[in-house]
Structures are given as C-alpha cells and as structure tokens.
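This report looks at how aromatic rings and nonpolar side chains are arranged in one protein chain. Please keep the sequence and the structure in view while reading.

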Amino acid sequence: MCGVIRLKEASVLISTNDFRTGLTIELDGEVWQVLEFLHVKPGKGSPFVRSKLKNLRTGAVIERTFNAGEKVPRAHLDRREVQYLYNDGTSYYFMDTESYDQVAVSVETLGDAVKFLKDDMNLFLLFHRDKIIGVDLPNTVELRVVETTPGIRGDTATGGSKPATLETGLVVQVPLFVEEGDIIQVDTRTGEYLKRV
C-alpha cells in the first residue's frame, strides 16, 4: 500500500538505469513516455542511456541521452476507460464507462489520435495531476475505405501500393487490391495498413 501512495507523489525520482518501455517521466514541464532505450557502456568515458521519448500531449518523438544513473521525475498517469461518442468540430466527447459522465477533449489535446476515432470505440483517457493530457488507443483499429483509385484486374498483394482515404479522414498506403468499401486494419502507433478484414 505504501508503494502506491509513494508513486502518486509528484517528486518520485527514478534512475535512468531503471528505464523500461512504456514508463512515463516528466521533463521540461511535459510528460514523456519511453518508447525505446539502450544502455551504452563505451570503452572510454562514462556509461549512458540513449532513449527515444514520446510527448504524450503533442505526440512528438525525440531522442535524448542521459547519464547512466541520472535521476528523473516519474510521471504517474491515471487511465480512465471511456467510450467515444461524437465531435462538434472543436471538441471530442467521451463517456466515462464507470460514472457515465461526459467529458469534452479539445482537438489539440488529442492530436493525431482523432484520425483513429470511431463512434462507440472504447479507449483510455490519460490524466496527469487531474488534467487530460491525451488518449491511449488500442494498438489497431478497423476502418472503412471511403476513397481510393479502383483496382485493376490482375493486381496482387505484391504489386505496389496506392493512397486510400479512410472514414476518419486518415490517408494510408494500401495494396492495389484494396477497394472502396473494404474494411482494413490500421496500426494506431504507426498509421500503417496491416491487412484487409
């Protein structure tokens, strides 16, 4: 129980030696998630940790190097499951699946996540110190192709790719055999086509 209480304190410091994928830290007043890290022990000089970090508010990804053992503040995030309801052009509305309260989130806060939102989709809102800083999407979503050039007889899975506009406005490169009306699976982390469903 004490461990849980200590984690919620704003000043909990962790060592860069303890980095792991998915860990959230605070740097320069922003919350960052560790995407990748590598402990480097050069022949000469001090060991260091090379990392790739994602800003959870803006979605920006940076590379940053830390001294081995350097202490950084850990960011404790609360995740609340919500269901996407609708948007009015400036805000996106979600319903908390436990309390049924509706929450409005600005387009700026959601960033690129809006390209993957479908009606009635369940996801998690991320809170840091009671402020919404973003969303945690499922790794994949299924979206309908609303516009693409027609396939030509004989097109195969290995015959190249073409752009396709999906129901959310997202444009992805798809194989030539994909047609309008098809439902495809897209990776929300990379925005890439995975397969036709």
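## Aromatic pairs

In this predicted model, the count of aromatic pairs comes to four. In the pair formed by Tyr84 and Phe94, the ring centres lie 5.6 Å apart and the planes meet at 55°, so the pair is tilted. Because Tyr84 belongs to strand E7 and Phe94 to strand E8, this pair ties together parts that are 10 residues apart in sequence.

Tyr84 counts as buried at 4% relative accessibility, and Phe94 is likewise buried, with a relative accessible area of 0%. Ring pairs also bring in Tyr92, linking Tyr84, Tyr92 and Phe94 into a cluster.

## The largest nonpolar core

Phe94 appears again in the largest nonpolar core, which has 29 residues and in which Phe94, Leu117, Leu123 and Ile184 touch the most other members. Among the elements that give two or more residues to this core are strand E7 (78-87), strand E8 (91-96), strand E10 (122-128) and strand E15 (183-187).

Leaving aside residues up to four places away in sequence, Leu123 touches several residues, including Tyr84, Phe94, Leu117 and Val135, as well as Arg80 and Glu81. Apart from the largest core lies another core, of 11 residues, among them Leu23, Leu27, Val49 and Val72.

## Arginines over rings

Two arginines are placed over phenylalanine rings. The charged end of Arg79 sits over the ring of Phe124, 4.1 Å from its centre, while Arg80, which is also one of the residues that Leu123 touches, lies over the face of Phe127 at 3.9 Å from the ring centre.

Methods: Residues numbered from 1 in each chain as written. Predicted model: local features only at pLDDT ≥ 70, side-chain atom pairs only at ≥ 80, totals over all residues. Heavy atoms only, no water. Core = buried A, V, L, I, M, F, W, Y, C linked by side-chain atoms within 4.5 Å. Buried < 20%, exposed > 50% of the residue type's maximum accessible area, 1.4 Å probe, protein only. Helix = DSSP H or I, 4+ residues; strand = E, 2+ residues; numbered from the N terminus. Contact = heavy atoms within 4.5 Å. Phe/Tyr/Trp six-rings, centres within 6.5 Å; stacked < 30°, edge-to-face > 60°. Lys NZ or Arg CZ within 6 Å of the ring centre and 35° of its normal.
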